[in-house]
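Work through these exercises with the model open beside you. Try each task before you read its solution.

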Amino acid sequence: MSMVTDALVLKVSDVGESDRVVTLLTAEFGVIRAFANRAKKINSKMQSAAQTLCYGEFSIYSGKDSYIIDSAAAKEVFFGLREDIALLSLGQYFCSLAMELIPEGEPAPESLRVILNSLSFLQKGRRTPAFLKAVTELKLISLAGFAPDLSGCSVCGKSPAGQVYFNTASGSYTCPGCSSSGTLISPGVLTAMKHVIFNPVDRIYSFALTPQDELAFGRVTEKFLLSRLGKTFKTLDFYKTVSQ
């Protein structure tokens, strides 16, 4: 089997003196891993494309035991992110989320669009890193089938107009009259969460929050995601270190 597909490079691992194993995110086949023979060589035509956070066109064929990249051409290398260690580390965190949440061999067009859009906004400085981090976390975890239940209070079923308590373990919220267990969030943060979950990818960035709500939004999305996955990420820990 052979295929030509656009893909984002999520991870690159060196193999021997000249080869690489490249982890790709594609719309048609989700996450796939393929060998890029001689990609480390200076004269390799794949050298520019076979690097983390590069988006390009890849020609891939199926070998006896693995996929092999026959050729690759870069379309977007996101040079702007590479000039800022905090932005670069956040982009690498997005890649870590993709490898954790997106199955191998299954179509993932929306997840790919989320990450590409977030990387583009991040590079252009059109939204804050904190905003893009929260939106990306919540949309990816939702697309993976772990969306929180924000349809109403988990006890009485009502949709209160004021603050609510969001439980990151259960992924649901309660109004103050029913329970005070969880993280107290403002109406703005709850509305933002609903906006990201229920809207298509091209609309999830089209809202704004106060600086205070943006920080709270980021805290609750990260806590929910890590609780759902039961793990943390080295790329996230590093991002926090360099972005302080």
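## Exercise 1: a helix on a small sheet

Helix α5 (residues 187-198) lies across β6, β7 and β8, and it runs at about 90 degrees to β8. The model is predicted.

**Task.** Find the order of the strands in the open sheet, and say which strands are at its edges.

**Solution.**
1. Start with the order. The open sheet has three strands, arranged β7-β6-β8.
2. Check the direction. Pairing in this sheet is antiparallel.
3. Now the edges. β7 (172-174) and β8 (183-185) each pair on one side only, which makes them the edge strands.
4. Add the twist. On average, neighbouring strands here are turned by 40 degrees against each other, direction ignored.
5. Look at one pair in detail. Strand β6 (residues 164-167) is joined to β7 by three bridges. Within that pair, Tyr165 has Thr174 as its bridge partner.

## Exercise 2: the barrel

**Task.** Trace the closed barrel strand by strand, and give the number of bridges for three of its pairs.

**Solution.**
1. Write down the order. Five strands close the barrel as β1-β2-β3-β5-β4, and the pairing is mixed.
2. Note the twist. Neighbouring strands are turned by 50 degrees on average, again ignoring direction.
3. Take β1 with β2. This antiparallel pair has eight bridges. Val15 stands opposite Asp19 in β2.
4. Move on to β2 (residues 19-26) and β3 (residues 30-36). They run antiparallel and share seven bridges. Here Thr23 faces Arg33 in β3.
5. Go to β1 and β4. Seven bridges join them, antiparallel once more. Asp6 stands opposite Glu57 in β4.

## Exercise 3: helices on the barrel

**Task.** Which strands do helices α2 and α3 lie across, and at what angle does each helix run to β1?

**Solution.**
1. Take α2 (residues 85-101). This helix lies across β1 (2-15), β2 and β3. Its angle to β1 is about 110 degrees.
2. Take α3 (residues 109-124). This helix lies across β1, β2, β4 (55-62) and β5 (67-76). Its angle to β1 is about 65 degrees.
3. Compare the lists. β1 and β2 lie under both helices' contacts.

## Exercise 4: two packed helices

**Task.** Describe how α4 and α6 pack, including the hand of the crossing.

**Solution.**
1. Choose the terms. A packed helix pair is described by the angle between the axes and the distance between them.
2. Fill them in. For α4 and α6 the angle is about 35 degrees, and the axes are 9 Å apart.
3. Give the hand. The crossing is left-handed.
4. Find the contacts. From α4, the residues include Phe131, Val135, Leu138 and Ile141. From α6, they include Phe217, Thr221, Phe224 and Leu225.
5. Sort by class. The contact has eleven nonpolar, two polar and five charged residues.

## Exercise 5: the largest pocket

**Task.** Which helices supply at least two residues each to the lining of the largest pocket, and which gives the largest share?

**Solution.**
1. Get the volume. The largest pocket has about 250 Å³.
2. List the lining. Among its residues are Ala130, Lys133, Glu214, Arg219, Tyr239 and Ser243.
3. Assign the helices. α4 (129-146), α6 (211-229) and α7 (234-243) each supply at least two.
4. Rank them. α6 gives the largest share, with five residues.
5. Sort by class. The lining has four nonpolar, two polar and five charged residues.
6. Link back to the packing. Ala130, Lys133 and Glu214 line this pocket, and they also take part in the contact between α4 and α6.

How values were computed. Residues numbered from 1 in each chain as written. Predicted model: local features only at pLDDT ≥ 70, side-chain atom pairs only at ≥ 80, totals over all residues. Heavy atoms only, no water. Pairing = 2+ DSSP bridges. Helix = DSSP H or I, 4+ residues; strand = E, 2+ residues; numbered from the N terminus. Axes fitted to C-alpha atoms, helices over the stretch in contact; angles between N-to-C directions. Contact = heavy atoms within 4.5 Å. 1 Å grid on protein atoms, 1.4 Å probe; cavity = no way out; pocket = protein on both sides within 12 Å on 5 of 7 lines; lining within 4 Å. Points joined across faces, edges and corners; volume = space filled by probe spheres on them. Nonpolar A, V, L, I, M, F, W, Y, C, P; charged D, E, K, R; others polar. Left-handed = near helix turned anticlockwise from the far one by under 90°.
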